[in-house]
Amino acid sequence: MSDSLEALRQEVLRFRDARAWSRFHTPKNLAMAIGVESAELSELFLWKDDAEVAEALARPDFREKVSHEMADVLVLLLTMSESVGLDLAAALRAKLEVNGAKYPVEKSYGRATKYDAL
Ligand SMILES: [Mg+2]
């Protein structure tokens with residue numbers, strides 16, 4: 001990943017503004033759209049076992065579908081960060097701190113246990 005989050009955000013906002021879409025991009029609509037795009041990403045993997053996923057990920061056509069859906073989610077997250085006036089990079093760092101407190105390395109290393117059961 002070579003571009004900064006802010007540079008990507010500006011690119012996304014230029015794309016949006018060139019189409020006069022900002023009036024559709026309310027926080028509610030964007031939150032719902034993130035859910036929809038996330039479901040589209042999930043659908044690509046639905047009902048595949050791990051071997052089938054590995055096989056699919058070796059195919060360029062499947063990788064392209066995955067990359068498109070991941071990009072859709074990122075575009076909407078970047079757009080929503082502008083719509084709600086939130087610094088996504090700062091939010092990510094703050095959440096990593098929260099997660100670090102919930103999942104201290106000494107308790108969670110190599111474990112997939114939820115924080116309240118550690
Ligand atoms: Mg999509």
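Select S81 to start: leaving aside neighbours within four places in sequence, S81 is in contact with R9, L86 and L88, where contact means heavy atoms within 4.5 Å. This is a predicted model, in which local features need pLDDT of at least 70 and side-chain atom pairs count only at pLDDT 80 or more, while totals for chains, interfaces and linings use all residues. Residues are numbered from 1 along each chain as its sequence is written, and side-chain values use heavy atoms, with hydrogens and water left out.

Stay on S81 for a moment. S81 sits in helix α4; helices here are DSSP runs of H or I with at least four residues (strands are E runs of at least two), numbered from the N terminus. With 4% relative accessibility, S81 counts as buried. The cut-offs are under 20% relative accessible area for buried, over 50% for exposed and partly exposed in between, with a 1.4 Å probe and protein chains only. Now draw a distance from S81 to R9: their C-alpha atoms are 8.6 Å apart, although 72 residues separate the two along the chain.

Next, show helix α1 (residues 5-18) together with α4. Their axes are 9 Å apart and the packing angle is about 85 degrees. Axes are lines fitted to C-alpha atoms, for helices over the stretch in contact, and angles run from 0 to 180 degrees between N-to-C directions. α1 and α4 are therefore roughly perpendicular to each other; the bins are under 35 degrees for roughly parallel, over 145 for roughly antiparallel, 65 to 115 for roughly perpendicular, and oblique for the rest. To see the interface, select L5, L8, R9, V12, L13 and R16 in α1, which meet V75, L78, T79, S81 and E82 in α4. By class that makes six nonpolar, two polar and three charged residues (nonpolar: Ala, Val, Leu, Ile, Met, Phe, Trp, Tyr, Cys and Pro; charged: Asp, Glu, Lys and Arg; polar: the others, Gly among them).

Now follow the chain into the loop between α1 and α2, where you'll find H25. H25 is buried, at 19% relative accessible area. Not counting residues up to four places away in sequence, H25 touches R16, L30, T79 and S83. A20 is in the loop between α1 and α2 too, but A20 is partly exposed at 46%. Check its backbone: phi of A20 is near 55 degrees, positive in a residue other than glycine.

On to helix α2 (residues 27-45), which packs against α4 (residues 60-83) at about 165 degrees, with axes 9 Å apart. That makes α2 roughly antiparallel to α4. Among the residues in this contact are I34, E37, L41 and L44 of α2 and V66, E69, V73 and M80 of α4.

Which residues hold the magnesium ion's protein donors? Select E37 (OE), E40 (OE), E69 (OE) and D72 (OD), whose donors lie 2.0 to 2.2 Å from the ion. Donors are N, O and S atoms within 2.8 Å of the metal (3.2 Å for Na, K and Ca), and water is not among the atoms, so sites may look incomplete. In sequence, the donor residues are spaced E-x2-E-x28-E-x2-D. E37 in helix α2 and E69 in helix α4 link distant parts of the chain, 32 residues apart, and both are buried.

Last stop: W47, in the loop between α2 and α3 (50-57). W47 is exposed, with a relative accessible area of 78%. W47 also has a positive phi, about 70 degrees, although it is not a glycine.
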